[in-house]
Every structure is written in structure tokens, then in C-alpha cells.
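Visitor: Please take me closely through one part of this model, the salt bridges and what surrounds them. A plain account will do, with the cut-offs stated.

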Amino acid sequence: MSAVPPLPRRLPAALLPAVIVLGLLLRLPGLPTVGTSDMGVWKAWAYATTQLGITNIYTLRQKLPPPLTPATIRQALAGDLPAGKVGYQGRAVFVDYPPGLPAVLWAVGSVYRALVSPAFADGAALNVAIKLPLVAAEALTAALLWAVARRRDARVALGVAAAYWLNPTVILAGSLLAYFDALYGLLLVAGGLALLRGRAAGLWAGWALALSLKLQPLLLLPALLALTARRGAARLLGYGGLAGAILLALALPYLLTGHTLALLTGLTVNAHEDYLSAYGLNVWWLWSYGWQTTHGGGWGVPTHILSVAQLARQGAGPLDLWALLAFAGFTVFVALTWL
């Protein structure tokens with residue numbers, strides 16, 4: 001049997017554009033769809049930021065906010081100051097993400113009001129508007145991966161870019177379901193690539209910007225510390241200071257307008273609800289999936305997410321602790337591999 005001839009080092013010029021077009025064609029049918037139930041949340045935030053002003057979306061339920069003191073800060077973090085909600089199309093929702101994502105949705109909502117519907121009408125056009133930043137983030141991530149890998153091998157670069165750009169999970173999460181993970185994922189990938197080029201400051205800047213969009217990157221902090229520890233304590237403090245300065249700059253408009261307690265309350269909403277949410281690293285989702293399949297629900301997307309109280313009655317144990325231990329193991333692996 002003759003050996004399979006190796007792929008040519010120089011690929012046909014049309015191959016990369018073909019991959020790009022194929023990825024776009026796969027995403028187009030999902031853009032006008034409603035997507036996940038969180039789409040209603042994104043619409044409410046986009047509407048509220050353009051209707052009320054971006055600094056007024058974090059609110060407390062009480063009409064007269066308490067003064068900013070160490071005691072009220074502790075109350076906000078403990079969930080003792082009930083958060084207010086914003087509404088759109090009859091649905092009221094909390095604003096429980098860091099300021100970066102509402103800022104993105106403010107930009108989307110502003111363009112939508114100016115070019116499509118001054119009244120902020122709901123419909124397929126608004127679905128497309130909210131999902132376009134996700135597709136752009138996915139395209140930029142694929143481009144970054146391709147540009148870095150291309151320096152070594154054009155074939156590998158195309159394979160790496162295609163593995164992300166044509167990944168069914170990426171396509172479903174973005175253009176169909178409208179999860180915003182691609183946005184902070186882009187920043188984390190950019191930061192990781194900066195580290196590979198010896199620019200640890202870029203890693204910390206990318207991490208800080210990602211954290212401004214969603215709290216989950218906070219779990220990467222131990223890995224960042226492990227990756228940059230060998231550069232010395234002084235530089236580590238400098239990188240941490242850079243990240244802190246970025247986060248402070250993004251939060252400053254809310255702090256200066258008297259919304260500090262409301263911002264802290266909003267960011268801790270999920271931690272005080274009766275479900276693990278993503279701070280349990282989605283172990284709760286996997287447990288709910290197993291529960292459904294063993295209780296006659298069959299295979300498929302879980303239709304019932306178990307609450308913390310239900311998990312305790314089943315003897316499931318501290319799933320959030322298990323998840324954090326698993327992530328700690330990942331951090332140790334990173335440290336042993338890179339240091």
C-alpha cells in the first residue's frame with residue numbers, strides 16, 4: 001500500500017476564504033432566532049441603558065439608597081440590600097453582570113435605535129443586532145489563532161482556525177443561542193497569545209477586560225498568578241495593578257454617580273439565589289442532566305435545573321466545592337507545565 005502523500009505546505013489561496021464563508025453560512029440561519037431565554041435579559045439591558053442611561057441600570061429596590069459605609073458595603077455583598085430590576089416587553093430582570101457587558105449592549109442598543117427602530121421594537125432585527133458582536137468576536141478569535149499558527153505552518157494554521165470557526169458548539173452558543181462567552185473568550189485568547197510572546201502585561205489586561213464582561217474569569221486568577229510568578233514579585237504587583245486600574249476605570253462612572261452599593265448588590269445576586277449557577281462551574285447542570293435521565297426525562301437538554309435545596313435533599317454534596325477543587329487541579333497542572 002502506497003503512503004498517503006503529505007499535504008502541500010502552501011495551500012490553495014481560495015481555501016481560507018472558503019472556510020470563512022462556510023462559517024458565515026452556517027451562522028446566518030440562527031441570527032434572526034430568539035435563542036436562549038437569556039436573550040430577553042440582553043434586550044432588557046440594551047433597552048434600559050439607552051432609555052435610562054448606562055449608569056442608572058444598577059439600582060436598589062428601596063427608593064432612598066442608604067449611605068455608602070463599610071456596614072452597607074457588607075450588606076450589599078451579603079445580599080441584604082435587594083437589587084432593583086429593569087424591564088422590557090413585560091419582563092423585569094436583574095442587572096447581575098459586571099459593567100462591561102451592559103456597555104456592549106448599550107453600544108448595540110444605541111446603533112439599533114439610531115438605524116433600525118427609535119422605539120426599540122422587538123423582533124428578528126433586534127435578535128440579529130444583539131448576536132452580531134458574538135459573530136464578530138468569533139471571527140476575531142479565529143483570525144488570532146490563524147495568525148499565530150501561520151508563523152509555523154500554513155496547514156496547521158488553517159486547521160486551528162477552522163477547528164474554532166466551524167466548531168458546532170461555538171456556532172450554537174453564539175449565533176443560535178446568543179451566549180456572550182465568545183466576547184470574553186476573545187479577550188482571554190488574546191491575553192494568552194500575548195503571554196506566549198513574552199508580554200505578560202497583555203495577559204493581565206485581557207483577563208481584566210474579560211472579567212469586566214462576566215465574573216467567571218475570576219476563577220482564572222490562580223492560573224495567572226502561577227504563570228507570571230517567575231517574573232518576580234515586583235512585576236506581579238505591577239501586572240495586578242494594571243488589571244485593577246482597568247477594572248476601576250470601567251466601574252468609575254457608576255462609583256462617581258452614587259451607584260456603588262447597587263453595583264455590588266447586582267454583582268452578588270446570583271450568589272444568593274437558590275441555584276448554583278455558573279460559579280459552580282456548571283457541575284450543577286451535569287448533575288441535573290443525570291437526574292433527568294434517571295427520572296424518566298430521557299436524553300436531551302435538561303428541562304429542570306435542580307436548586308441548591310433539591311441537591312441537598314439528594315445528598316449531592318457541595319457541588320460548588322467539587323467544581324472549585326477540579327479547577328484547582330487544573331491550575332496546578334498549568335503551574336507544573338509552564339513554570
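Guide: Asp-122 and Lys-43 form a salt bridge, with 2.6 Å between the closest N and O atoms. Asp-122 sits in the loop between H4 and H5 and Lys-43 in helix H2, so the pair ties together parts that are 79 residues apart in sequence. A salt bridge here is a side-chain nitrogen of Lys or Arg within 4 Å of a carboxyl oxygen of Asp or Glu. Helices (H or I, at least four residues) and strands (E, at least two) are DSSP runs, numbered from the N terminus.

This is a predicted model, in which local features need pLDDT of at least 70 and side-chain atom pairs count only at pLDDT 80 or more, while totals for chains, interfaces and linings use all residues. Residues are numbered from 1 along each chain as its sequence is written, and side-chain values use heavy atoms, with hydrogens and water left out.

The two partners differ in exposure. Lys-43 counts as buried because its relative accessibility is 6%, whereas Asp-122, at 39%, counts as partly exposed. Buried means under 20% relative accessible area, exposed over 50%, and partly exposed in between (1.4 Å probe, protein chains only). Leaving aside residues up to four places away in sequence, Lys-43 touches Tyr-88, Phe-120, Asp-122, Gly-123, Leu-126, Asn-127 and Ile-130. Such a contact means heavy atoms within 4.5 Å.

Tyr-88 leads to the strands. Along E1 the side chains alternate: Val-86 and Tyr-88 point to one face and are buried, while Lys-85 and Gly-87 point to the other and are not. E1 (residues 85-88) and E2 (residues 91-94) run antiparallel and are joined by four bridges; two strands pair if DSSP finds at least two bridges between them. Lys-85 has Phe-94 as its bridge partner in E2, and Val-86 has Val-93. The two strands form a hairpin with two residues between them. Gln-89, in the loop between E1 and E2, has a phi near 55°, a positive value in a residue other than glycine. Gln-89 is exposed, at 57% relative accessible area.

The loop that carries Asp-122 follows H4. Helix H4 (residues 100-115) has 16 residues, which at 1.5 Å a residue should span 22 Å, and its end C-alpha atoms are 23 Å apart, which agrees. The expected span is 1.5 Å times one less than the number of residues. Buried residues of H4 include Leu-101, Leu-105, Val-108 and Tyr-112. What covers the buried residues of H4 includes helix H2 (39-52), helix H5 (124-150) and helix H8 (181-196).

The structure holds four salt bridges. Another of them joins Glu-138 to Arg-27, where the closest N and O atoms are 2.6 Å apart. Glu-138 lies in helix H5 and Arg-27 in helix H1 (residues 15-27), so this pair ties together parts that are 111 residues apart in sequence. Glu-138 is buried, at 1% relative accessibility, and Arg-27 is buried, at 1%. Asp-153 and Arg-155 meet in a further salt bridge (2.9 Å, N to O). Here Asp-153 counts as buried at 9% relative accessibility, whereas Arg-155 counts as partly exposed at 26%.

Glu-138 points the way to H8. The C-alpha atoms of Glu-138 and Asp-181 are 9.7 Å apart, with these positions 43 residues apart in sequence numbering. Asp-181 is found in helix H8 and is partly exposed at 33% relative accessibility. In the loop between H7 and H8 is Ala-178, whose phi near 70° is a positive value in a residue other than glycine. Ala-178 is buried, with a relative accessible area of 0%.

For the wider setting, the chain has 15 helices and two strands. Buried residues make up 37% of its 339 residues. Of the contacts in the chain with a separation of 6 or more, 72% come from residues 24 or more positions apart.
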